[in-house]
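Open the model in your viewer and keep the sequence panel visible. This tour goes stop by stop, saying what to select and what is there.

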Amino acid sequence: MKLNKKLEEALNAQINAELWSAYLYLAMSADFSAKGLGGFANWMFVQFNEEQEHAMKIFNYMVQRGNKPDLRPIAKVEKTWKTPLDAFKSTLKHEIEVTKMINDLYALAVEEKDYATQSMLKWFIDEQVEEEEQAQEIIDSLTLINGDGVGIYQLDKKLSKREQD
Ligand code: FEO
């Protein structure tokens with residue numbers, strides 16, 4: 001059974017938001033690389049790939065339901081962040097906004113009595129808890145490091161080990 005118009009619209013908007021997230025993290029990855037922070041750049045590049053997967057999950061779900069995803073323009077993202085802490089604070093702020101979007105989508109699926117969409121969104125609800133936690137952990141480390149060069153170097157080494165799940 002096809003998605004109704006309201007859910008179709010909301011899922012199209014979510015695909016766009018996930019692809020915008022991918023673009024945001026790719027820009028952060030480029031900025032970190034340009035500053036010689038290859039580990040931070042790697043972490044953001046893995047995040048970029050994850051966001052594309054999020055978009056594809058919704059895209060494939062829409063196709064499965066017999067709807068045609070509408071791919072809209074992706075808005076510009078910032079190009080540079082003053083410090084790694086600024087970048088991760090922006091990351092957390094953005095992920096909190098995405099969590100709100102997912103929660104609103106779920107509420108709409110409940111309102112529309114679309115049980116399959118509710119089931120599909122459960123994965124995203126769990127994922128957002130993880131995404132916020134990951135960003136918060138790095139913010140905590142950076143806050144402790146307090147701009148110290150050796151600390152940044154060590155954290156950069158640690159983040160270089162992040163691999164695609
Ligand atoms: Fe796809 Fe980072 O939320």
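A pocket is an open set of grid points with protein on both sides within 12 Å along at least five of seven lines, and its lining residues have an atom within 4 Å of a point. Keep in mind throughout that this is a predicted model.

**Stop 1: the largest pocket.** Select Trp43, Gln134, Glu137, Ile138, Ser141, Leu155, Lys158, Leu159 and Arg162, which line the largest pocket. Two elements give two or more residues to this lining: helix H4 (115–145) and helix H5 (149–159). H4 gives the most, with four residues. The volume of the pocket is about 160 Å³. Colour the lining by class and you will find four nonpolar, two polar and three charged residues.

**Stop 2: Asp156.** Stay with helix H5 and select Asp156, which is found there. Which side chain of opposite charge is nearest to Asp156? It is Lys157, 9.1 Å away; Asp156 is buried and has no salt bridge. Next, show Leu37, Gly38, Gly39 and Phe40: Asp156 is in contact with these residues, leaving aside its neighbours within four places in sequence.

**Stop 3: the largest cavity.** The structure holds one cavity of 30 Å³ or more. To find the largest cavity, select Tyr25, Trp43, Gln47, Thr91, Glu95, Glu131, Gln134 and Ala135, which line it. Helix H2 (38–64), helix H3 (84–111) and H4 each give two or more residues to this lining. H4 has the largest share, three residues. The space inside is about 30 Å³. By class, the lining divides into three nonpolar, three polar and two charged residues.

**Stop 4: salt bridges.** Side chains of opposite charge can pair when their charged atoms come close. The whole structure has seven salt bridges; three of them are listed here, to be selected in turn.

- Lys5 and Glu8: the closest N and O atoms are 2.9 Å apart. Both residues lie in helix H1 (residues 5–34), three residues apart, about one turn of the helix. Lys5 is exposed, at 66% relative accessible area, whereas Glu8 is buried, at 14%.
- Lys6 and Glu112: here the closest N and O atoms are 3.3 Å apart. Lys6 is in helix H1 and Glu112 in the loop between H3 and H4, 106 residues apart.
- Glu9 and Arg72: the N to O distance is 3.1 Å. Glu9 lies in helix H1 and Arg72 in the loop between H2 and H3, so this pair ties together parts 63 residues apart in sequence. Add Asp70 to the selection: salt bridges that share partners join Glu9, Asp70 and Arg72 into one network.

Terms used
Residues numbered from 1 in each chain as written. Predicted model: local features only at pLDDT ≥ 70, side-chain atom pairs only at ≥ 80, totals over all residues. Heavy atoms only, no water. 1 Å grid on protein atoms, 1.4 Å probe; cavity = no way out; pocket = protein on both sides within 12 Å on 5 of 7 lines; lining within 4 Å. Points joined across faces, edges and corners; volume = space filled by probe spheres on them. Nonpolar A, V, L, I, M, F, W, Y, C, P; charged D, E, K, R; others polar. Buried < 20%, exposed > 50% of the residue type's maximum accessible area, 1.4 Å probe, protein only. Lys, Arg positive; Asp, Glu negative; His and termini not counted. Salt bridge = Lys/Arg side-chain N within 4 Å of Asp/Glu carboxyl O. Contact = heavy atoms within 4.5 Å.
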